[in-house]
Amino acid sequence: MEGFPISSNGARPATLAEPSAPPGLSGRGLLRFTTAGSVDDGKSTLIGRLLVDSRQVADDQLAQVEEASRRRSMDGALDLSLLTDGLRAEREQGITIDVAYRYFTTQRRFILADVPGHREYTRNMVTGASTADLSIVLVDVHRGVVEQSRRHAYITSLLGIPHLVVAVNKMDLVDYDQAAFASVVDTFEEFAAGLPVADRLFIPVSALHGDNVVARSERMPWYDGPTLLEHLEQVELSHEHPERVSARLPVQWIIRAPNGEPNVNHRGYAGQLASGVLRTGEEVVLTPSGRRTRIARIETSDGPIEEAVAPQSVSVVLEDDLDVGRGEMISRVDDPPTVAAELEADVCWMSVHPLEAGRRYLIKNSTRTVSALVAEVVHCMDIHTLRPVPDSSSLELNDIGRVRLRTTAPLAFDTYRANRGTGSFILIDETSNDTVAAGMIVGAPAPAQP
C-alpha cells in the first residue's frame, strides 16, 4: 500500500486501509481524494452537499441530521456539516480534528479522506492525504487565499498528489460575481506557480446552495467548466504501466513450509509488492545485502502464479538457500533501489518535543526498522513564501522541513517522487514508541569531494 509504514507499536498513521488499485488499471478506476480547508471555509458543508445531492445518504441518517439541525438553529435550516463532523469536539468547535473516511459510488468508486485544515492538526492532514490521487482545497471567496490555503497546496505538492482542485466557495455571498472568483484564481496561481502540481482546476461553488457541486449552477453562466462531481468522475488517473515501474517486494514474513507441512524443503519470503512486476525465473537482487539469485516460484493464497503485479501480496521462493530476513527488498538486478546509510528527507514533525540535530530515533522504511541519528536540520519551510529558512536548528510541532539522517545500518529505498511506498518512512521515539514524524525521501546526499 502506498503511504507511510506502520509504526513499531502496530499503529498506522491515518492512511487509507484498502489496498491501492493495480498501477496498470489507469483511467477511471477507484479515486482516492482528500479535502482540506481553513476554518469556516465550508469544507464540512461541501462534503455534506456532495453526499446528499449525489444520493449517498440514507433516509434515516438524513432524518437525524434534519432533527439535529432543528435543535441547533432557530430557522431549522439543514446543517450539512453534521454529516461529517463526527467528533463532539468538532461539532462544538466548528473545526475538523481527526481524519474521517467516506466510501461512496456514483459513476465511479470513491474513497474520501476528510482531513483537518487547522495548522494545529497538520500532522493529521499529512498522514490522511498520503495515499490520495486528488486533493480538493477549499478557499472562501470573501477571505481569499490565506495561510492555510497555502499550507494545503504545499502539502499536496509535497506528497506528490498529481491532481489539485481549488473549490472557491461561498459564491452566493458575492452575488456569484465572476471578478471575485477571478481574483482568487489569480492570487492562488501566483502563489502556486512554483509547485510541481501540473493539473490544477478552479471551480466556483456555493456548498450551502449546491451551486456547481453536483448540479450545474444557473447563477454562474460565465463558468463553463465541470461541476465538482463531474470532474471527480472524469479525472484520469495516469498510473504508469507496471512494466515501466521498478519492481519492489519488501520482505515482511518468512514462511517455512506450506500448509503446515514441516518436512517440505520450502522457504518463502512473503510481502506486498510495493510496485512493478516480478516473474518466475527472473534474476533478482536482495538489498541491502546485494546478493543475487532467481525466483523459483511465486505463490499466493489461491495457488502458484507465474507473474505478480503490485499491489498483490505474494510469497516468493528463491532458487538459492539464502539467509533472508524481514526488511530485505527483492528487486530486479537491472533496476535496484538506492542503498545508503545516509539520506535527506522532507519531514512533517508530529511531536510536542522538537526535532533537533543529534537526537536518535528509530526509522521505519517499508518493512525495515533501524536506528537513525538526526545529523542535520537543513531547513524549515516558510509556508507563506515557499522558501526554506536555512538557519533553522530545530522543527517544532507541525513544522515541515528538510533533515539529513544517518542510519546504523543501510536502507534500501527510492526517492518519494519515484515511489511512494519505498520512498516514505516514519520516525519513532525509542523511549515512548510514539510516531513523531512522517518523512519523504529526497535522496542520498552526494559524497563529499576530496
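Accessible areas were obtained with the Shrake-Rupley method and a 1.4 Å probe. On this basis the chain, taken from a predicted model, exposes about 19800 Å², of which carbon and sulfur atoms supply 47%. Of the 450 residues in the chain, 54% are buried. Eight helices and 25 strands were assigned. Among the contacts with a separation of 6 or more, 70% are between residues 24 or more positions apart.

Six strands form an open sheet with mixed pairing, in the order β2-β3-β1-β4-β5-β6. Its edges are β2 (100-105) and β6 (199-204), each of which pairs on one side only. From one strand to the next, the twist averages 20 degrees. Within this sheet, β4 (residues 134-140) and β5 (residues 163-169) run parallel and are joined by seven bridges. One residue of this pairing is L134, whose bridge partner in β5 is H163.

Two helices lie across strands of the sheet. Helix α5 (residues 147-158) lies across β1 (31-37), β4 and β5, and runs at about 170 degrees to β4. Helix α6 (residues 178-192) lies across β4, β5 and β6, with an angle of about 160 degrees to β6. Strands β4 and β5 are thus listed for α5 and also for α6.

Seven aromatic pairs are present in the structure. One of them, formed by F33 and F104, is edge-to-face, with 6.3 Å centre to centre and 85 degrees between the planes. Because F33 lies in strand β1 and F104 in strand β2, the pair ties together parts that are 71 residues apart in sequence. F33 is buried, its relative accessible area being 1%, and F104 is likewise buried, at 4%. The rings of F188 and F191 have planes at 80 degrees and centres 6.2 Å apart, so this pair is also edge-to-face. These two residues belong to helix α6, where F188 and F191 are three residues apart and therefore separated by about one helical turn. Both rings belong to buried residues: the relative accessible area is 0% for F188 and 10% for F191. F33 and F104 also belong to one aromatic cluster together with F110.

Several backbone features fall in loops between later strands. A cis peptide bond, with omega of about 15 degrees, joins T287 and P288. P288 is located in the loop between β11 (283-287) and β12 (291-300). Another cis peptide bond joins A310 and P311, with omega of about 10 degrees. In this case the proline, P311, lies in the loop between β14 (307-309) and β15 (313-318).

Positive phi values were found for residues other than glycine, including S366, at about 60 degrees, and N398, at about 75 degrees. S366 occupies the loop between β19 (360-365) and β20 (368-382). With a relative accessible area of 16%, S366 falls under the 20% cut-off and is therefore buried. N398 is in the loop between β22 (394-395) and β23 (400-413). Its relative accessible area is 2%, so N398 is buried as well.

Terms used: Residues numbered from 1 in each chain as written. Predicted model: local features only at pLDDT ≥ 70, side-chain atom pairs only at ≥ 80, totals over all residues. Heavy atoms only, no water. Helix = DSSP H or I, 4+ residues; strand = E, 2+ residues; numbered from the N terminus. Buried < 20%, exposed > 50% of the residue type's maximum accessible area, 1.4 Å probe, protein only. Contact = heavy atoms within 4.5 Å. Pairing = 2+ DSSP bridges. Axes fitted to C-alpha atoms, helices over the stretch in contact; angles between N-to-C directions. Phe/Tyr/Trp six-rings, centres within 6.5 Å; stacked < 30°, edge-to-face > 60°.
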